[in-house]
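Take a moment to look over the chain before reading on. We will begin with one strand, follow its partners, and then turn to a single residue in a loop.

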Amino acid sequence: MSTSQSREDRITDSESEEEEEEEEEEQYDDASGNHQNTQSSSSTSSSGAHKSLDDIDDIDAKLKSLKLKSNSTQQRQTPNLKNPVKLLRHIGGNTPKGKWVVSDKLTSYHFFKTSKFNVDDDEDGDKSDGAGGKGESWWVLKVGSKVRARVSTEMKLQIYGDQKRVDFIDKAVWALKFLTEEEYRNFVTQFHNFLFENVCGMEASKENKVKVYGKEFIGWVKPEVADDSMWEDAEVHSLDSTPVKGSQELMEEFEEAANGGVQSLALGGLDNSFLVNELGVQVYRNFNRGIHGKGICVKFDGGSFRSGENMSNSTPKKALLMRAETNMMLMSPDNEGKPNATGLNQVDIETGKIVTKWKFEKDGADITMRDITNDTKGSQLDPSESTFLGLDDNRLCQWDMRDRKGVVQNIATSDSPVLHWTHGHQFSRGTNFQCFASTGDGSIVVGSLDGKIRLYSKTSKRQAKTAFPGLGSPITHVDVTYDEKWVLGTTDTYLILICTLFTDKDGKTKTGFSGRMGNRIPAPRLLKLTPLDSHRAGSNNKFHGGHFSWVTENGKQERHLVATVGKFSVIWDFQQVKNSAHECYRNQQGLKSCYCYKIVLKDESIVESRFMHDKFAVNDSPEAPLVVATPMKVSSISLSGRR
């Protein structure tokens, strides 16, 4: 394992303008040489003082002449050059030799609209009726002859207002340095406007933004008018606001082989945790320093997994612990490439046997589920738990393993036991649900393909109390804090952190799970990798599985967030992200984006990264251990408060 910490990669003249320095040295060689000779002669003879002064005046005149000449040359180069910039490229990767080099000392950029993005030609201009077939077109950024990138979040644009600079990815990592503050701000504004148009399919006018986001969420696209007071209030009134030590380091406690093919990680809050792989379920013992293998494996029949009555050779992709973690629900997709399943298997961990093969059914018809989760954040610790939540593309419901009379079904006399749909809703129109999570009291957050994030109270699954519009990128995973004040959505290119707090008309502070938030909705914050780190993460550099650390007790506050990107586990300090005065947010335009994080680097792509239950945190650590699972290994990482 290796670790690193994000930092601002400042580009200075001495680091990046080597070619220019060489020219300047040639121009100034004679003048500086004469200056040194003059200083030498003046120190050895007082009689030559008048001559030395004359020489100095002569040198000053030459220097002024050269400066005027240089300015004149620059003026001749830039008057007809629209949108002038300096283009730099990062070379050397994550090595001691990694550095920024000048690619073009002076070039120009422009945005243009095209429907022929995949055609490598220099033909610019609006082609909205071109090769797209239906008139589709999109905005593209072109810089000189070296950069041609579709305006999207995949460019991972990062802005440095104090340096008049932006970094981004287009096959390599690039930086643009602007000559003036006005040109820099104009570029950033154009980029955001064209990004909106590429995502939403309409011009970035005020009317269209209101149409897409609604009046209540205008702060999401115009953060300068958003109400940030809730972020500060939430931080001040946090019941558990123990400061995280700034000197903390990441230390690997355990690492061991996982017997290959790891698909999912099921962390327990009691004695054991579990890894699901191609052979079965491996059992690990929970310790204060991480998890350690017990040498026990619950194997599937014949090395395969049965879903309902159909045979599926795919390994279960979802594992859910229940009944004080003595039972596990295993769900495997019916069709390769799609997560939906028609049933699941219930495994008794103590006996190592599949005790029930459940079917999903509603009104006598088989249906599918794409995801399952516990009723509440801590209900897997409850020995009497017999219900769990289910989600499909257009369904949100609760399943019960008992019959309608409240008695657990007799599996011995039931040929095909059917889960009972207790309550929920099947939506007629395409909600395109993708993922969901539950709070400490059973409220539910749901993420969708269109980027929307919906909040449902524990009493109703028919209509969301609050629906956040999202920023256009599909939500692939969601998590929520135990106290339901914060929601974390994962997209391919960033995490979105949402504050659900609001003040109602009576002056009471509530969350968006219990009521409609009105028009004073805080703008979200984004968690991102720098373009350089994103490029280093490898070809599979999409975020997945963003989680808060795990607490199941009122008055406790989650302290970290973690997500996986390729070979990276990325950790953010939660308090730091919430702090509006955090240095990351200075000189930014648009939504506040945090780039301060720690990285755990593994030698293969990571399947999942999760923090253990809060009770496993030790005295010298600000957090419970982080468990990182790859296809071949499982590691436990502690956040030490000591050097």
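**A covered strand and its neighbours**

Strand S11 spans residues 272–276 and is mostly covered, with 5 of its 5 residues buried. Keep in mind that this is a predicted model.

Which residues lie on each side of S11? On one side sit Asn272, Phe274 and Val276. On the other side sit Ser273 and Leu275. Every one of these is buried, so both faces of S11 are covered, where buried means under 20% relative accessible area.

Now look at what S11 pairs with. Start with strand S10, residues 264–266. S10 and S11 run in the antiparallel sense, and 3 bridges join them. Find leucine 265: it stands opposite leucine 275 in S11. Leu275 is one of the buried residues of S11. Between S10 and S11 there are 5 residues, and the two strands form a hairpin.

Next comes strand S12, residues 280–287. S12 is also antiparallel to S11, and here 5 bridges link the two. Pick out serine 273 in S11; its bridge partner in S12 is tyrosine 284. Ser273, too, is buried. S11 and S12 make a hairpin as well, with 3 residues between them. S11 therefore takes part in two hairpins, one with S10 and one with S12, and pairing here rests on at least two bridges found by DSSP.

**A threonine in a loop**

Move along the chain to threonine 481. Where is this residue found? Threonine 481 lies in the loop between strand S30 (477–480) and strand S31 (486–490). Is threonine 481 buried or exposed? Its relative accessibility is 0%, so threonine 481 counts as buried.

What surrounds it? Leaving out residues up to four places away in sequence, threonine 481 touches Thr439, Trp486, Phe548, Gln557, Glu558 and Phe574. There is also a link to aspartate 483: a polar contact of 2.7 Å joins the two side chains.

**Stepping back**

How many helices and strands does the chain have? There are 8 helices and 43 strands. The chain has 643 residues, and buried ones make up 51% of them.

Consider contacts between residues at least 6 apart in sequence. Of these, 58% join residues at least 24 apart. Finally, the accessible surface of the chain comes to about 30300 Å². Carbon and sulfur atoms account for 44% of that surface.

Conventions
Residues are numbered from 1 along each chain as its sequence is written. This is a predicted model: local features need pLDDT of at least 70, side-chain atom pairs count only at pLDDT 80 or more; totals for chains, interfaces and linings use all residues. Side-chain values use heavy atoms; hydrogens and water are left out. Helices (H or I, at least four residues) and strands (E, at least two) are DSSP runs, numbered from the N terminus. Buried means under 20% relative accessible area, exposed over 50%, partly exposed in between (1.4 Å probe, protein chains only). Contact means heavy atoms within 4.5 Å. Accessible areas come from the Shrake-Rupley method with a 1.4 Å probe; for residues, only the protein chains shown count as cover. A polar contact is a pair of N or O atoms within 3.5 Å; within protein, one must be able to donate a hydrogen and the other to accept it, and residues adjacent in sequence count only if both atoms are side-chain atoms.
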